[in-house]
Amino acid sequence: MSNSDLDRVFKAISDPRRRDVFHVLVVASAAMSITQISAHFDISRQGVSKHINVLEDAGLVVTTSKGRERFCKALPRALKGVKDWTQYYEEFWDDKLDRLSRHLA
């Protein structure tokens, strides 16, 4: 995953409402219409669409059209880049704490 891809994912998940929209889609485990997603929130359908667009730009959601309705599906695998990025720091701090523990023992 390139830095710009990772930046888009971090931007997308930095907003609590987008995380909530993404969560609704992940839990659904199926494509949902914008109208169905909007029913979970106290914001307009257009507001939900804007959040979906950011999630889609980050590769976290795919949207398809059927007639006049748009259907969205979560792509949780796109979070792997975030996991990989944070894993480096988790291992770094685990190593540092292990060394400190050995030093203090």
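Which helix lies across strand 1, strand 2 and strand 3? Keep that in mind as you open the viewer; the tour comes to it shortly. One thing to know before you start clicking is that this is a predicted model.

**Stop 1: the whole chain**

Begin with a cartoon view of everything. You should be able to pick out five helices and three strands. Starting at the N terminus, the elements follow the order α-α-β-α-α-β-β-α. The radius of gyration is 18 Å, well over the 13 Å that the globule rule gives for 105 residues, so the protein is more spread out than a compact globule. Turn the model about and you will find that the C-alpha trace spans about 65 × 30 × 20 Å along its principal axes.

Now switch on a surface. About 7,200 Å² is exposed, with carbon and sulfur atoms supplying 53% of that area. Of the 105 residues, 28% count as buried. Contacts across the sequence are worth a thought here too: among those with a separation of 6 or more, 52% are between residues 24 or more positions apart.

**Stop 2: the sheet**

Select the three strands next. They form an open sheet in the order 1-3-2, with antiparallel pairing. Strand 1 (32-33) and strand 2 (61-66) are the edge strands; each has a single partner, so one side of each is left without a neighbour in the sheet.

Look at the two pairings in turn. Strand 1 pairs with strand 3 in the antiparallel sense over two bridges. To see this side of the sheet, show Met32, which stands opposite Cys72 in strand 3. Strand 2 and strand 3 also run antiparallel, and six bridges join them. Here the residues to show are Val61 and, opposite it in strand 3, Ala74.

Strand 2 and strand 3 make a hairpin with two residues between the strands, and Gly67 in this hairpin takes a positive phi near 65°.

**Stop 3: the helix across the sheet**

Here is the answer to the opening question. Select residues 16-28: this is helix 2, and it lies across strand 1, strand 2 and strand 3, running at about 80° to strand 3.

Then step on to Ser29, in the loop between helix 2 and strand 1. Most residues other than glycine have a negative phi. Ser29, however, has a positive phi, near 55°. Is its place in the model buried or exposed? Ser29 is exposed, with a relative accessible area of 59%, over the 50% cut-off.

**Stop 4: His51 and its neighbours**

Move to residues 45-57, which make up helix 4, and click on His51 within it. With a relative accessible area of 14%, His51 is buried, because buried means under 20%. What does His51 touch, leaving aside residues up to four places away in sequence? Show Asp15, Arg17, Arg18 and Ile43 to see those contacts of His51.

**Stop 5: salt bridges**

Side chains of opposite charge can pair when their charged atoms come close. This model has five salt bridges, and three of them make good stops.

Stay with helix 4 for one of these pairs. Show the side chains of Arg45 and Glu69, which meet in a salt bridge at 2.9 Å, N to O. The pair links distant parts of the chain, with Arg45 in helix 4 and Glu69 in strand 3 (residues 69-74), 24 residues apart. Arg45 is partly exposed at 34% relative accessible area, and Glu69 is partly exposed at 23%.

The other two pairs on this tour are in helix 5, so select residues 80-104. Lys80 and Asp84 meet in a salt bridge at 2.9 Å, N to O. Why are Lys80 and Asp84 separated by about one helical turn? They are four residues apart in helix 5. Lys80 has a relative accessible area of 38% and is partly exposed, and Asp84, at 35%, is partly exposed as well.

Follow helix 5 along to Arg99 and Asp95. Their closest N and O atoms are 3.2 Å apart, forming a salt bridge. Arg99 and Asp95 also lie four residues apart in this helix, about one turn. Both are partly exposed: Arg99 has a relative accessible area of 48%, while the value for Asp95 is 34%.

Key: Residues numbered from 1 in each chain as written. Predicted model: local features only at pLDDT ≥ 70, side-chain atom pairs only at ≥ 80, totals over all residues. Heavy atoms only, no water. Buried < 20%, exposed > 50% of the residue type's maximum accessible area, 1.4 Å probe, protein only. Contact = heavy atoms within 4.5 Å. Salt bridge = Lys/Arg side-chain N within 4 Å of Asp/Glu carboxyl O. Pairing = 2+ DSSP bridges. Axes fitted to C-alpha atoms, helices over the stretch in contact; angles between N-to-C directions. Rg over C-alpha atoms; globule rule 2.2 N^0.38 Å. Areas by Shrake-Rupley, 256 points an atom, 1.4 Å probe, with all protein chains shown as cover.
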